[in-house]
Amino acid sequence: MADTPPSASAPTEAAARPPERATRALADTWVVVPAYNEAGVIRGVVHELLESGVRHVVVVDDCSSDPTATALRGLPCTVLRHRINLGQGAALQTGIEHAVREGARYLVTFDGDGQHDPRDVARFVAALETGDVDVVLGSRFLGRAEGMDRQRALLLRAALLFTRLTVSGLRLTDVHNGLRAFRAEVAPRLALTQNRMAHASEFLARLRASRLRYRELPNSVRYTSYSKAKGQSALGAIDIVYELLVRRLLLR
Amino acid sequence: MIFQVLAGLTLAGAMLWFLVVVRSRTLVRLFIAALFLAGLVLLLVPELTTTLARRVGIGRGADLITYVSLIFFFVTGVAFYLRFKRIEVQLTEIVRGLALLAPVQRPEAARDERARLSSGGAGSP
């Protein structure tokens, strides 16, 4: 699974970081993993995270119909379970609230399907630790995405343009990336209310409104046949557009 | 005449059902009653719609009915959408609250288990 060295995606970052400092920051870091029907891979994802030096992992099982929650038995991580399926945005928010209550200093959101590289976590948190930024966002286009096909790349470009035009106005290269890190104290200002997939754009809208300092870092993304099948189809994009437009028209 | 009787009875029945069974605020109830009464009046005096339509600058009474219905359905749709969204927010709060209240697994559990296993299960610490 892990076949690329972490330095491959960002050699300068890795070289500039004193390792012991990053380890200390990791001790105060909570990684939030939303999971819906990930029984086949979730254990590997959490195991890899813990192996990479992350101490606190909270998995939010969004009412999976498969044994996602029990697949984690015996691993030193927290598992929360929604009694009703609410969507990825809601699962993230639940995990974030738990981590904040437990005294987290840094929060990292991490996809449950195994597409993210656990070794990116330390690098993202290290960027927060320097104190220069409040939020670190992952970008597939700064780093290298393994196995991304042309169609998906095009769809993501379109999503980027749409989000820039409508909500965010942020200078970003990747707007639908699940890997993010931020300081716990800014979590309330980034709270998600969009339960379903529009939460990615909502996060950016809140980020812009909050005027927090942000930065993009490259992250490697592994597109396996599994994560592709689990990921959103192009039709999902239409749903996201609809949700955001309705929301802007009616509720703001 | 037959249509007027049937439609009138249906309308009256629906109004009664609404006012008796559906619990709502007084203002909403008054509005619904007024709506049903207006429907009954229009049923009994069909020419009235044409007169009204001419008054507001629409040619035929049937057109007036269509326009009013469209607006009514749109407003109802929006109202229901907003209510649905509100309920969704409340549901999220409840489900999240329950999840936070009782984690299905805590990290300590695994550490305890590991400690027990590594101690050989002989009972000695």
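These are my notebook entries on a predicted model with chains A and B.

**Ground rules**

I number residues from 1 along each chain as its sequence is written, and chains are lettered from A and ligands numbered from 1 in the order in which they are written. Because this is a predicted model, local features need pLDDT of at least 70 and side-chain atom pairs count only at pLDDT 80 or more, while totals for chains, interfaces and linings use all residues; side-chain values use heavy atoms, with hydrogens and water left out.

**Entry 1: confidence**

I began with the scores: ipTM is 0.74 and pTM is 0.73. Then I looked up pLDDT, the predictor's confidence in each residue, from 0 to 100. Chain A has a mean of 80, with 72% of its residues at 70 or more. Residues 1-18 of chain A fall below 50, and beyond near neighbours in sequence this stretch has 28 contacts in the model (contact means heavy atoms within 4.5 Å). Where pLDDT is low, the predicted coordinates should not be read in detail.

Chain B has a mean pLDDT of 84, and 95% of its residues reach 70 or more. Its residues 121-125 drop below 50, with two contacts in the model beyond near neighbours in sequence.

**Entry 2: the layout of chain B**

How many helices and strands does chain B have? I found five helices and zero strands, so the pattern along the sequence reads α-α-α-α-α. Helices (H or I, at least four residues) and strands (E, at least two) are DSSP runs, numbered from the N terminus. Among these elements, helix 4 (residues 61-101) of chain B has the highest mean pLDDT, 92, and helix 5 (residues 107-118) of chain B the lowest, 75.Next came the spread of chain B. Its radius of gyration is 30 Å, well over the 14 Å that the globule rule gives for 125 residues, so chain B is more spread out than a compact globule. The radius is taken over C-alpha atoms, and the rule is 2.2 Å times the number of residues to the power 0.38. Along the principal axes, the C-alpha atoms of chain B fill a box of roughly 95 × 30 × 25 Å.

**Entry 3: surface and charge of chain B**

I checked burial too: 18% of the 125 residues of chain B count as buried. Buried means under 20% relative accessible area, exposed over 50%, and partly exposed in between (1.4 Å probe, protein chains only). Of the contacts in chain B with a separation of 6 or more, 35% join residues 24 or more positions apart.

The 14 positive and 7 negative charges of chain B have mean positions 8 Å apart. Lys and Arg count as positive and Asp and Glu as negative, leaving out His and the chain ends; the place of a charge is NZ of Lys, CZ of Arg, CG of Asp or CD of Glu.

**Entry 4: helix 5 of chain A**

Is helix 5 (residues 119-129) of chain A largely enclosed or open? Ten of its eleven residues are buried, so helix 5 of chain A is largely enclosed by the rest of the structure. Among the buried ones I noted A:D120, A:R123, A:F124 and A:E129. Just after this helix, A:G131 takes a positive phi of about 85 degrees.

**Entry 5: loops of chain A**

A:N37 sits in the loop between strand 1 (29-35) and helix 3 (42-51) of chain A. Its phi is near 55 degrees, a positive value in a residue other than glycine.

A:C63 also caught my eye, with a positive phi of about 55 degrees although it is not a glycine. A:C63 lies in the loop between strand 2 (56-61) and strand 3 (78-81) of chain A, and at 21% relative accessibility it counts as partly exposed.

Where does A:T70 lie? I found A:T70 in the loop between strand 2 and strand 3 of chain A. A:T70 is partly exposed, with a relative accessible area of 41%. The C-alpha atoms of A:T70 and A:A39 are separated by 8.2 Å, and the two are 31 residues apart along the chain.
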